[in-house]
Amino acid sequence: MSAAAGSRERGSAGGSHLDDLRPNGKGLFVDQSSRGHDKPDNLLTRQTKSKSAMTDMVRSSTIMVSDKAHILSMQKFGLRDTIVKSHLVQKEEDYTYIQNFRFFVGTYNVNGQSPKECLRPWLSHSTQAPDVYCVGFQELDLSKEAFFFHDTPKEEEWFKAVSESLHPNAKYAKVKLIRLVGIMLLLYVKQEHAAYISEVEAETVGTGIMGRMGNKGGVAIRFQFHTTSICVVNSHLAAHTEEYERRNQDYKDICSRMQFCQVDPSLPPLTISKHDVILWLGDLNYRIEELDVEKVKKLIEEKAFQTLHAYDQLKIQVAAKAVFEGFTEGELTFQPTYKYDTGSDEWDTSEKCRAPAWCDRILWKGKNITQLSYQSHMALKTSDHKPVSSEFDIGVRVKNENLYRKTLEEIIRSLDKMENANIPSVSLSKREFCFQDVKYMQLQVESFTIHNGQVPCQFEFINKPDEESYCKQWLNVNPSRGFLLPESSIEIELEVFVNKTMATKLNSGEDKIEDILVLHLDRGKDYFLSVSGNYLPSCFGTPIHTLCYMREPILDLPLETVRELTLMPLWTEDDGSQLENPMEIPKELWMMVDYLYRNAVQQEDLFQQPGLRLEFEKIRDSLDTGMIDTLDILSINNHSVAEALLLFLESLPEPIICYGAYHNCLECSGNYTASKQVISTLPTFHRNVFYYLMAFLQELLKNSEKNHLDQNILASIFGSLLLRNPSSHQKLEMAEKKKAQEFIHQFLCSSL
């Protein structure tokens, strides 16, 4: 399943009016009109003992805030509307003024604990009540159930704890709650500001292993406050001192993959960077390097925080422009917030004796932002982290309605004179694009510029006749549509990326890196762009039985041979065909398992911590070229090889347990004898691979004291890879997922 599929989002349900909302006496707005009519998407599924107590808070101001734009008017979008909006943005300074609002931003890694103390020392420490609260948590729940099944009662517990600890001198409405496994972000505003919040969207990005586990990653909420766009990001980046490059990669992944839909469907999604104000908080996990534990503690005791900060990885990486370019962080005048013995202010006394570090940080980007405070809160002792807060005065552009109407009238008068005067026309800097040597899961990008003429125009890449999309699956255009004012330009990127859904057909020659794009101008002509290139076949996306018949590396074989073997029917091995000496299992699979067996059987968090993308590319190239020694020579990270193995299994067009056996496996779950009988019916190569993997996983379990793996973890990870639903070829439903886990679990704890 995808990381996004594992997220829980609550906040924008439909159906009430602003006048139906009343304060509930606890500083929160309640939708009085909907009592007894719980919305099914955010209440009926909540079966907890605190349900009745939580209902008022869950309903607080959901509609009033999130759907403000739709309540005021159902907007229609066309070329004229887009032109008017673009001109209004250009002339914004003519009808707006800057007004400061107080923002509270807080982050707290709670180490899987439930709230045990009042949060007011953290959330309400100032005399002035904030206008906006942005409150983020990490490690909300560390249980395996939360990790694999994504549901947790801790969400309600911490939501309630925050709601009851907001500043007592104001009443607040909840705007949005978004959670990805243990990463949760809450947004509240004072009730008097709620009417000026609009265009609320929330998204998640998992950066855990295979991009599917949400134990690491980010959640974000974006919104419009008056006329200023604001994006709040809460992230939990990779752990361990030496993994700063992985943290850098997590940050870049969140920035590139976090996209928000716009109210105007004709406009491309918004990225984090496309906002006036960005507030980034979380457990960024950057550590202090080059100093031993005792030296770090001595500098803290001397309160020599600036000296210590020089060795802070985040400071070093920002200076190198590796992360958070253009962001600002306040001066660190408080001691590191990690790691403490739970329930105390004592540094870590466990066997690992972690060095103190400023893991928990708050940064910002944008204009008219003044930081008023940046501090930790030592009074809270629930976790091995201390919470951090920062308060800001942020200048928000507020609309002067009289000036706005005057500006709008001027724009419309001008547009009336110009409309229909000319046909739009553009020039393109390039129309032919060639992508050479495209590789599996390795992005290639080409760009060109659209320059507009004298007439405003709306452009869009459109579908060709009888085709469902404007481009093939391996191609993406960014942006694929947009609007251009006269004499303006925009850069368009063509992105080629081959993943598991396309690789098999590219290997077999059923698809090629060839496409024609049609760029359409509203009220104008069409422009045609040619895309061509070549794909380098890979073992990723190649059927198991095909790889067993490839005694040579796939890149050493003629393309025609690769195509013939890829198209070979699954049951060829059992029909008496005399193909040359197949191997019992694919050599590529053996190379990865052998490397892990020799180097990683005692590796902590194996199959749970992601590897590095550049290392995956080296692993893929080593497998595809047969350079078996390369993995050892390059000293590839164990986690990178483990993730490559999972990606290999995920990429198989026919899973190890064939689609035809899927339902039988679920029915036999819990009956080991019957389950073995189902496995015996698999094609020979699939059966060989299944037992080979089970034997390897049993070897890992023999070292569980070192690697901290158990049967449930491995059964959960491999259950969803080896067993896939044939009807959808998508993620398993929860009941199916648990049965798949149980099926694999039998083979991990029994003699093979």
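Helix α10 (residues 244-257) of this predicted model has 14 residues, which at 1.5 Å a residue should span 20 Å, and since its end C-alpha atoms are 20 Å apart, the expected and modelled values agree. Within α10, the buried residues are R246, R247, N248, Q249, D250, Y251, D253 and I254. The elements that cover these buried residues of α10 include the strands β8 (197-206), β9 (217-225), β10 (228-236) and β13 (277-283), together with the helices α13 (313-319) and α19 (613-625).

A second helical feature is the contact of α18 with α21, whose axes come within 10 Å and cross at roughly 150°, the crossing being left-handed. The residues that make this contact are listed by helix below.

| Helix | Residues in the contact |
|---|---|
| α18 (residues 587-599) | L589, M592, V593, Y595, L596, N599 |
| α21 (residues 638-651) | N638, V641, A642, A644, L645, F648 |

Sorted by class, the contact of α18 with α21 holds 10 nonpolar and two polar residues, while no charged residue takes part.

Turning to the strands, five of them form an open sheet with mixed pairing, in the order β18-β25-β24-β20-β22. Because β18 (432-438) and β22 (481-484) stand at the edges and each has a single partner strand, one side of each is left without a neighbour in the sheet. On average, and with direction ignored, neighbouring strands of this sheet are turned by 20° against each other. At one edge, β18 pairs with strand β25 (residues 526-535) in the parallel sense over five bridges, and F435 stands opposite G533 in β25.

Technical notes:
Residues are numbered from 1 along each chain as its sequence is written. This is a predicted model: local features need pLDDT of at least 70, side-chain atom pairs count only at pLDDT 80 or more; totals for chains, interfaces and linings use all residues. Side-chain values use heavy atoms; hydrogens and water are left out. Axes are lines fitted to C-alpha atoms, for helices over the stretch in contact, and angles run from 0 to 180 degrees between N-to-C directions. Helices (H or I, at least four residues) and strands (E, at least two) are DSSP runs, numbered from the N terminus. A crossing is left-handed if the near helix is turned anticlockwise from the far one by less than a right angle, and right-handed if clockwise. Contact means heavy atoms within 4.5 Å. Ala, Val, Leu, Ile, Met, Phe, Trp, Tyr, Cys and Pro count as nonpolar, Asp, Glu, Lys and Arg as charged, and the others, Gly among them, as polar. Two strands pair if DSSP finds at least two bridges between them. The expected span of a helix is 1.5 Å times one less than its number of residues. Buried means under 20% relative accessible area, exposed over 50%, partly exposed in between (1.4 Å probe, protein chains only).
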